[in-house]
Amino acid sequence: MLQKVSLHDAWKGTADCQQCELRNTVLFAGLTMEDFEHIHEPINQVILKPGESLYRSGEQGQRMYTLRHGLIKLVRYLPDGTQRIVRLIRSTDVTGLESLLGQPYEHDAIAIQECELCCLPASLVNNLSQRNPKLHQELLKRWQQALKAADIWLTELSTGPARQRVAHLILCLCGDTDPPQCQLFSREDIGAMLGITTETASRVIADFRRKDWLTETGPNQYAVNKPDIYMELS
């Protein structure tokens, strides 16, 4: 579902964007009123249901996206047809940055949870970044964050014993929640993220639940015993 909202209204919070991170924690926090004189394109707000695709690998990138709510997986397919999930996009994250360079998208971006995004034309963002140094710096920061996330994925989620990979993923999904909690998803997706079989992912999570390291509080929602999860990594 698409809904057009002017960037001005999104930034000021006068549309349905009053709680939108776009205004103060993402790309456009540093815009001035003068910047708006050069903006003539609306923002598309995109709603995705679980399993729906935002973009596909190889499509010519023309837009980047800020995720307001939900969770998106970036998928790359191996020559044998199996999939690997190479990164997760979470609330306030930006995806589709390759569009700023006029390059095709490098992954399939698929919703894991229901998602709400703001769709930003790459041409608009490029023009604004040339006029506003703060926006340019924020874009560089987003590139750096993407590289850091890729490094973490490679070193913590794709190497080592399966139990440690699952523990790292749970801690990553917890973030700074207080009390610690996370939402898990299909065991197939967990296996594709960590490079382990679905059966192994199921077996490890079942063992964590038996030990009360994970306590189910709702459908796929878990309270996390962080100290014991950390012990698995020691």
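Strands β4 and β9 (residues 115–121) run antiparallel to each other and share six bridges. This is a predicted model, and its single protein chain comes out at eight helices and 12 strands. Besides the β4 pairing, there's a three-strand open sheet with the order β10-β12-β11, a set of eight salt bridges, and a few backbone oddities in the loops, including a cis peptide bond between D178 and P179.

**Around β4**

- β4 covers residues 63–69, and five of those seven residues are buried, so call this strand mostly covered.
- On the β9 side, M64 sits opposite L120.
- β4 also pairs with β7 (residues 94–95), again antiparallel, this time over two bridges.
- Look at Y65 for that second pairing: its bridge partner in β7 is T95.
- As a reminder, strands in a sheet pair through backbone hydrogen bonds, in either a parallel or an antiparallel sense.

**The β10-β12-β11 sheet**

- This sheet is open, has three strands, and pairs them in antiparallel fashion.
- Its edges are β10 (181–183) and β11 (214–218), each with pairing on one side only.
- From one strand to the next, the twist averages 35°.
- β11 and β12 (residues 221–224) are joined by four bridges and run antiparallel.
- If you want a residue pair to click on, take E216, whose bridge partner in β12 is Y222.
- The loop between β11 and β12 holds N220, which has a positive phi of about 65° despite not being a glycine.
- N220 has a relative accessible area of 35%, so it falls in the partly exposed class.

**Salt bridge between α6 and β5**

- D189 and K73 form a salt bridge, with their closest N and O atoms 2.8 Å apart.
- D189 belongs to helix α6 (residues 187–194) and K73 to strand β5 (residues 72–77), so this pair ties together parts that are 116 residues apart in sequence.
- Both ends count as buried: D189 has a relative accessible area of 9%, and K73 has one of 10%.

**The R163 network**

- R163 meets D207 in a salt bridge, at 2.7 Å from N to O.
- That contact links distant parts of the chain, with D207 in helix α7 (residues 198–210) and R163 in helix α5 (residues 162–174), 44 residues apart.
- R163 has a second partner in E232, where the closest N and O atoms are 3.1 Å apart.
- Here the link goes from α5 to helix α8 (residues 226–233), which carries E232, and the two residues are 69 apart in the chain.
- Salt bridges with shared partners join R163, D207, R210, K211 and E232 into one network.
- Burial varies across these residues: D207 is buried at 14% relative accessible area and E232 is buried at 17%, while R163 is partly exposed at 25%.
- In general, side chains of opposite charge can pair when their charged atoms come close.

**Loop details**

- The peptide bond joining D178 and P179 is cis, with omega at about 5°.
- P179 is placed in the loop between α5 and β10.
- D212 is a non-glycine residue with a positive phi, near 65°.
- You'll find D212 in the loop between α7 and β11.
- With a relative accessible area of 52%, D212 is exposed.

**Surface and overall numbers**

- L101, L140 and W143 make a nonpolar surface patch of about 290 Å².
- L140 comes from helix α4 (residues 133–157), and its 43% relative accessibility makes it partly exposed.
- The accessible surface of the chain is about 12000 Å², with 50% of it belonging to carbon and sulfur atoms.
- Of the 234 residues in the chain, 45% are buried.
- Among contacts with a separation of 6 or more, 72% involve residues 24 or more positions apart.

Terms used. Residues are numbered from 1 along each chain as its sequence is written. This is a predicted model: local features need pLDDT of at least 70, side-chain atom pairs count only at pLDDT 80 or more; totals for chains, interfaces and linings use all residues. Side-chain values use heavy atoms; hydrogens and water are left out. Patches are made of residues with over 30% relative accessible area and no salt bridge: like charges are joined within 9 Å, nonpolar side chains (Val, Leu, Ile, Met, Phe, Trp, Tyr) within 5 Å. Accessible areas come from the Shrake-Rupley method with a 1.4 Å probe; for residues, only the protein chains shown count as cover. A salt bridge is a side-chain nitrogen of Lys or Arg within 4 Å of a carboxyl oxygen of Asp or Glu. Buried means under 20% relative accessible area, exposed over 50%, partly exposed in between (1.4 Å probe, protein chains only). Two strands pair if DSSP finds at least two bridges between them. Axes are lines fitted to C-alpha atoms, for helices over the stretch in contact, and angles run from 0 to 180 degrees between N-to-C directions. Contact means heavy atoms within 4.5 Å.
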